[in-house]
Structure formats: C-alpha cells, structure tokens
Amino acid sequence: MCFKSIKTATIDIHGAKYLTINFRKASRIAISALTPNKPHHAQWMITRKCNYRCRGCNVWKEQDKRELSTEEVKRGLDILKDLGIVELVISGGDPLLRKDAPEIIKHASNLFVTTVYDNGSMAKQNLEALRNVDFVAISIDSLDPEKNDYIKAVPGAWKKAVDAVETLHNEGINVSVTPTISQLNLYEIVDITNHFTQKGVPVWYCLYTFDQTGDENQLFRIGKANDEFIIKDKQAMVKLCDTLIEMKKKNRNILITTKLLQALRALFLEGKRTWECRALQNFLVLDHLGRIAGCHNHNFVGSVFDLPEIWHSEKFNALRKTYNECSQCSYLCYIFYSLYGSPYGNLMLAKDQWKNARFLLER
Ligand code: SF4
Ligand code: SF4
C-alpha cells in the first residue's frame, strides 16, 4: 500500500489504545523511540502561575509572572524534537492559564505524544485546543467532594474537575484522571479507579512523596516531613500494588504498567529500589523560563536554547552519574522513565506504542 495515503494511526500508550495521530509524527516518533542514547521524555512547566492552593504543593506559594514568549517556547519545542524527545508533558502551575496555551499545544502536538495537565479548572474553556493533544490529565484525589476540595484548598474544585472530565470524554477528547496517591486517599484508590475506568476514562497515578533534597535551588518543592499526606501504612500500599496488578489483567483503562507497580511494591515492602535513576538521560524537566534540570529536585543545569551543545558535554555526563546514584525521591513518572530507560526498555515501550502503527504498515 502507499504509505503517503496514511493520514492517521492509532497507537498504544501504556497499554491503552486512544490516540489518533498524524502519520508523519508517528513515523518520526517510532524512529526516535528506537534510537539509543536519546532522551525519551520531557516535562515542561510552561508557567509558574496557578489558581489553586493544593496543601501538598509549594508552587502556588512561589508564583512567578515571568514566562518565555510564545515564539521562545515554540523554538524550545523544536530543539526538544531535534534532541529526540518522544513524549512531552505540558504542566505548570496550570498551563492552561497561559493565554497562548492553544498555540503552544498545537505546536507541541505536531511534534510529540503530548499530555496536558490541568487541575480541572481550565479544560472546559480550552476544548478546541485540547482536541489537538494525545492526553489531557485531570487531577482528582477523591470521590468525596469535601475531601478533594480540602486537598486542593479550593471550594468547588471537585465539581469543576468531574464536570471537565465528563465534558472532555463526551467530546471524544482523550481525558484521563490522575489521582495523587497519599495517606489521605490510599484506601479509596481502588474505588476511584473503578469509578472512572468503568465510565471509559483511563486512570494514571501520581505518588505523594516528601522531597528530601539538600539542593536549595531545586525547581520546586513538594511536601513536608511527616505531613498528613505521607504514606505511613506501607502494608496498605503493598496491597494496593497487588490489587492494581490483578485489576490490570482485565482493565485496559488502568494505564500504570505492571513493571512500575512491581517496583513500587518492592520499595514499600523492603525499601528496595529496583531501578537506577535516569534523570538527564531518559528524561529531563524544564521550567517557565526555559531552564532545564534532570528533575525538579535538583538545580538548573542550563537552558533549553543551549541543549544541542550541552547534552553531550562532560558536565552532563558527570551529572548523569550523580543522578544514577541518587535515591532522594520516588515520583512515579521519574521511576517509570528510569525503568524503561535502557535500550531494551525503549524497545519494550516502542513495541507497545507502535503495535497498531505496525499493523497499518502491514496492511
Ligand atoms: S499541585 Fe498543581 S494545581 Fe495544585 S497548587 Fe500545585 S501547581 Fe497548582
Ligand atoms: S532519584 Fe532521580 S528524579 Fe529523584 S531526586 Fe534523585 S535525581 Fe531526581
């Protein structure tokens, strides 16, 4: 068949078929995913503004009106594409608070498998822009509106978020719900998962952890030692991992991978880290001023505009070694991209993601 005639492809991300993407993008991403020694994932916090006051977060306490211009962000996205980035998360603050968010999202969506995070307050006003993205992730931490709004510290947050999820889902936009697992909602994560996946809405998770970094210039800070969110019931966390591993066998809308759940289980059961961190190898983060870091827990190491020169530098190689040995955090995304950071891991991800694209090529 003539490949030029293929306009779109459905791909499989984290085990779920949801995406319809431009074929040129699909083939570029497939090649990048299979090329060794390239970063796979970037998270860009394009704004430091937020309209929420979540209790476990410091971003809203340290807001900054400064931002890169639209053209600068687009130039940075092109650089990330040239570096080989496959998956991009656009977050903040709330990224949809930027007036130029639709233009940025459109540009990013042409280049990457793109996810946009929203606290649930802005998605409905941005429906047209969000039609371009591969996933919209909306944060809902409880089925109990009162508890959810306590965590977000904004009255009405639950209602807005649930309304946004329903609206986006009904509009055919690939929306997923992303609860942050903490001691406050640990015992209802299975119920939250069932509630949304039974409606056909996929669920991914974040994990609440306390940042123990000694780096004062870290990108942002989450949590306090011994606050009410820190998971104290480790046995319940192990049980949750076991339950989700079982549930995944029948429920394709649970997006977290079994390998990641097994790593979490070992961490909570034995305190054992079964992965080496691959910050600044397989993933990197960027802030609202275009500064880059291996993860949000460490200091900036350069600017996105210098990336082509510094990515292969001695300085970066030394930092990679330091991060390899670091065990200061257990954020799910960082563990995920560390677990799948080897060439073999990339191959496994690519195999999952491109099952359906391959089907198109074979027709
Ligand atoms: S967690 Fe997100 S939505 Fe909540 S205050 Fe922090 S940046 Fe804003
Ligand atoms: S383990 Fe990795 S992601 Fe976590 S703080 Fe250390 S370098 Fe950063």
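## A walk through the chain

Buried residues make up 44% of the 363 residues in this chain, and the model you have open is a predicted one. Colour it by secondary structure to start: you should find 13 helices and 12 strands. Contacts also reach across the sequence, as 71% of those with a separation of 6 or more are between residues 24 or more positions apart.

**Stop 1: the sheet.** Select the strands in the order 7-6-5-4-3-10-11-12, and you have an open sheet of eight strands with mixed pairing. Now look at its edges, strand 7 (175-177) and strand 12 (302-303). Each of these has a single partner strand, so one side of each is left without a neighbour in the sheet.

**Stop 2: strand 10 and its partners.** Zoom in on residues 283-286, which are strand 10, and on residues 41-45, which are strand 3. The two run parallel and are joined by four bridges. To find your bearings, show histidine 41, which stands opposite phenylalanine 283, and alanine 42, which stands opposite leucine 284.

Next, add residues 291-293, strand 11, which runs antiparallel to strand 10 and is joined to it by two bridges. Here valine 285 stands opposite alanine 293. Follow the backbone between these two strands: they form a hairpin with four residues between them. Stop at glycine 290 in the turn, where phi is positive, at about 80 degrees.

Before leaving, show the side chains of strand 10. In a regular strand, side chains alternate between the two faces of the sheet. Which residues lie on each side of strand 10? Phe283 and Val285 are on one side, Leu284 and Leu286 are on the other, and all are buried, so that both faces are covered.

**Stop 3: a pair of helices.** Select residues 70-83 (helix 2) and 101-111 (helix 3). Their axes are 10 Å apart and the packing angle is about 10 degrees, so these helices are roughly parallel to each other. On helix 2, display Thr70, Val73, Lys74, Leu77 and Lys81; on helix 3, display Glu103, Ile104, His107, Ala108 and Leu111. Together they make the contact, with five nonpolar, two polar and three charged residues.

**Stop 4: the two ligands.** Centre on ligand 1 and show its surroundings, which include Cys50, Cys54, Cys57, Trp60 and Asp94. This shell divides into six nonpolar, three polar and two charged residues. Finally, move to ligand 2, which has 13 residues around it. Cys277, Cys295, Asn297, Cys326 and Cys329 come nearest. The shell of ligand 2 has seven nonpolar, six polar and no charged residues.

Definitions and conventions:
Residues are numbered from 1 along each chain as its sequence is written. Chains are lettered from A and ligands numbered from 1 in the order in which they are written. This is a predicted model: local features need pLDDT of at least 70, side-chain atom pairs count only at pLDDT 80 or more; totals for chains, interfaces and linings use all residues. Axes are lines fitted to C-alpha atoms, for helices over the stretch in contact, and angles run from 0 to 180 degrees between N-to-C directions. Angles under 35 degrees count as roughly parallel, over 145 as roughly antiparallel, 65 to 115 as roughly perpendicular and the rest as oblique. Two residues are in contact if their C-beta atoms, placed from the backbone, lie within 7 Å. Ala, Val, Leu, Ile, Met, Phe, Trp, Tyr, Cys and Pro count as nonpolar, Asp, Glu, Lys and Arg as charged, and the others, Gly among them, as polar. Two strands pair if DSSP finds at least two bridges between them. A residue is near a molecule or strand if its C-beta atom, placed from the backbone, lies within 6 Å of it. A residue is buried if 20 or more other C-beta atoms lie within 10 Å of its own, exposed if 12 or fewer, and partly exposed in between; C-beta atoms are placed from the backbone.
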